[in-house]
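Hello,

Here is the structure I promised to pass on. Please open it first, then read my notes below.

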Amino acid sequence: MKCATFNTNSIRARLPILLDWLEREQPDILCIQETKVQDKDFPDPAFRDRGYSTLYRGQKSYNGVAIVSRERATDAEFTLTGEAEEPARFIRCRVAGIPVINVYVPQGFAVGSEKFVYKLRWLNTLLDHLHAAFSPDQPLLVAGDFNVALEAKDVYDPEGLRGEVGFHPDEQALMGRLFEWGLVDLLRKHHPEGGQFTFWDYRIPNALKRKMGWRVDYILATRPLADTSRDCWIDTGARSLPRPSDHTFLVAEFALP
DNA sequence: ATGGTCGGCAACCGA
């Protein structure tokens, strides 16, 4: 079983590279963030034509999440119940019997801002949801864009970025509680050396070429599922095609049918 | 080299 996550920054703008990757890699499950499309405009036929089933929840201009899967998903929920509710950032479902959660964690704008407080609250709500609805002893996949880098080896300039949004101890502490609960960071498990990034800021000229990246996208799994993982890797996609995203594909392969 | 990102969507907001 192959699972992946990808922040598209507009699924319509990125559809050619997304479909190219889908046909080439044939994942069983793909979690998508920042679709930036209302449900009525989601490009459903492109996925159906390629043998994939879809779940999506979007809104105008901002946010938007989708889960694309070979097997039809069941038990779909689109609301992270709790204090910090916002549409189009969360999907929970089951695919082939495995619970799957796709998240687009708020970016947080700037440390100390209202949006930063909201980001911390959102992560807290996710943690509460895991405690309430799941057990770390059962298979669970959590994938998405968390907008948080964990350690020095996960950003290009740890000294310069420490304390900034996306690399702040309060965010990292909440991520740490996900791991304490029982989620395993699969890229870290298979490639602990670090220095591998999933995101480069468009506003920094030639950030990709200059290796000025962050690791903010994750595939996480509870121990029973993580124990079956064969590998996890970053795929920058077909950069020769027009309009590559500022994020990469992140992929995990499991020893499951 | 006197500029320097995207995308959505129609003036800026969000990342």
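**What I found**

Of the 257 residues in chain A, 43% are buried. Please keep in mind that this is a predicted model.

Overall form first. The C-alpha trace of chain A spans about 45 × 45 × 35 Å along its principal axes. The radius of gyration is 17 Å, which agrees with a compact globule, because a globule of 257 residues would have a value near 18 Å. Contacts reach far along the chain. Among those between residues at least 6 apart in sequence, 68% join residues at least 24 apart.

Next, the secondary structure. Chain A has 7 helices and 14 strands. Six of the strands form an open sheet with mixed pairing, in the order β5-β6-β7-β8-β12-β9. Its edge strands are β5 (74-77) and β9 (183-185), and each of these pairs on one side only. On average, neighbouring strands of this sheet are turned by 20° against each other, direction ignored.

One pair in that sheet is worth a look. Strand β6 covers residues 90-95, and strand β7 covers residues 98-104. The two pair in the antiparallel sense over 6 bridges. Val95 stands opposite Ile98 in β7.

Now the DNA. Which residues come nearest to DNA strand B? They are Ser10, Lys60, Gln107, Tyr202 and Arg243, out of 16 residues around the strand. The surface near DNA strand B divides into 6 nonpolar, 4 polar and 6 charged residues.

Last, two backbone points. Most residues other than glycine have a negative phi. Two asparagines have a positive value instead.

- Asn63 has a phi near 60°. Asn63 lies in the loop between β3 (53-57) and β4 (65-69). Is Asn63 partly exposed or buried? Asn63 has 19 C-beta neighbours inside 10 Å, so Asn63 counts as partly exposed. The cut-off for buried is 20 or more.
- Asn206 has a phi near 55°. Its place is the loop between β10 (199-200) and β11 (213-214). Asn206 is exposed, because 9 other C-beta atoms lie within 10 Å. The cut-off for exposed is 12 or fewer.

That is the full set of notes.

Best wishes

Definitions and conventions:
Residues numbered from 1 in each chain as written. Chains lettered and ligands numbered in written order. Predicted model: local features only at pLDDT ≥ 70, side-chain atom pairs only at ≥ 80, totals over all residues. Pairing = 2+ DSSP bridges. Helix = DSSP H or I, 4+ residues; strand = E, 2+ residues; numbered from the N terminus. Axes fitted to C-alpha atoms, helices over the stretch in contact; angles between N-to-C directions. Near = placed C-beta within 6 Å. Nonpolar A, V, L, I, M, F, W, Y, C, P; charged D, E, K, R; others polar. Rg over C-alpha atoms; globule rule 2.2 N^0.38 Å. Contact = placed C-beta atoms within 7 Å.
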